[in-house]
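Got the viewer open? Let's take a short walk through some charged side chains, one selection at a time.

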Amino acid sequence: MKKLLFTVFILSIFYAFTDGIIPKTHTGTPIQDLSKYRQMYSKPISQWEKPQIDKGVEWEEFSPISFDENYEQTMEQPLILLGKMLFFDPKLSGSNQISCSSCHDPELGWSDGRERSLGHDHLLGKRNTPSLFNTADRKSYFWDGRAATLEEQADGPITTLHEMNAIPSEIVKKLSLIQGYKPLFKNAFGTEEITYDKIRTALAEFQKTIRSTPSRFDKFLNGNYKALTDEEIYGLHLFRTKARCMNCHYGKHFTDEKFHNIGLSFYKRELQDLGRYDITQNPDDIGRFRTPTLRDLMITKPWMHNGLVEDLQGVINMYNSGMLPTNPTKEQKAADPLYPVTDPLMKPLGLTKEESLALQAFIKSLTNTHYKMSRPDFPRAGGN
């Protein structure tokens, strides 16, 4: 095969951090003439013009998130208290050194700040750790969507060699020897018996409490039209139109919850990752990965399924280039049925530098959450 996606990867990085893909002359609306966009969007969202969406894309309009007024009471529920304890307890790992919070740190946007996850014996995974923000609203889990529920999702990191490397039955035995865990399980489930299913349930219920807090954009949607600057409103307009972002990033959480090949997947290389294809065995799914949420994006870097980029300008430049798709010819596809095909939604955008900066400004307005969470005092063997 003459053209490998590794080449796409190298070229994408090159263009992402150069000005080569940005026109040198501004042919769009002058950046100083933005009043019309404020007027356009300073009205209820139901009166906004429809975004520019490709045919066949079933999109949803933006909607605001709100504060959970019952959050404090929710966090005191016995099942949530148990789930939080388990989430932070390294005894759920085979080495007793790694907890769920090792990769999902609340002070790092419920991620780990690494390109790829680091786990048992310092083994490096091949994918970036997804944030847990708003995980209760996801339709499936992992970058490839291989888990349908949060309970099912827990099996992955707990049992995988390069993550927590634990055996479920051994976790149960370990926790059963700790007297302090028995009242926690009894309060949560009505019995002191510790089972792996109960552990998964408690972990899932705790993770459902991890939510973004309203951003300035949410205030804007709720009628505070001074919450965004003129540049951010211009960026909102570009997000919905020329930048084509709403083909994949829409709704309350700015994601279609679907899977796309945006041209950043290794193929026939040491770090080969065929994405959703490994789950479905459908050749159409080769190189497809979940569309991530843009909520609280600025505190969950680096981004992409492989942690490729941590600079927002670089991300926009890559999309502006059309992700440099190198789709196979009929002859190449016939010779190699698994040759990845870049999603047709990836197209050159022609954004100017001013437009790119405005788009960045809007995307940054979606970040607001400042999460602090004290780590619990873990029960010890032989007592509390």
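Start with Glu170, which is partly exposed at 39% relative accessibility. Keep in mind as you click around that this is a predicted model.

Now add Lys173 to your selection. The two side chains form a salt bridge, with N and O 3.7 Å apart. Both residues sit in helix H6 (residues 168–176), and the step from one to the other is 3 residues, about one turn of the helix. Lys173 counts as exposed, at 53% relative accessibility.

Next, jump to Arg288. Its salt-bridge partner is Asp285, and their closest N and O atoms are 3.1 Å apart. Is Asp285 buried or exposed? With 8% relative accessibility, Asp285 is buried. Arg288, at 27%, is partly exposed.

Now for a pair that takes some scrolling along the sequence: select Arg244 and Asp54. Their side chains meet in a salt bridge, 2.7 Å from N to O. This pair ties together distant parts of the chain, 190 residues apart. Arg244 is in the loop between helix H10 (230–240) and strand S1 (259–260), while Asp54 is in the loop between helix H2 (35–41) and helix H3 (71–75). Arg244 has a relative accessible area of 16%, so it counts as buried, the cut-off being under 20%.

For the last stop, select four residues together: Arg127, Asp144, Arg146 and Asp273. Salt bridges link them into a network.

Want to keep hunting? How many salt bridges are there to find? The count comes to 19.

Technical notes
Residues numbered from 1 in each chain as written. Predicted model: local features only at pLDDT ≥ 70, side-chain atom pairs only at ≥ 80, totals over all residues. Heavy atoms only, no water. Helix = DSSP H or I, 4+ residues; strand = E, 2+ residues; numbered from the N terminus. Buried < 20%, exposed > 50% of the residue type's maximum accessible area, 1.4 Å probe, protein only.
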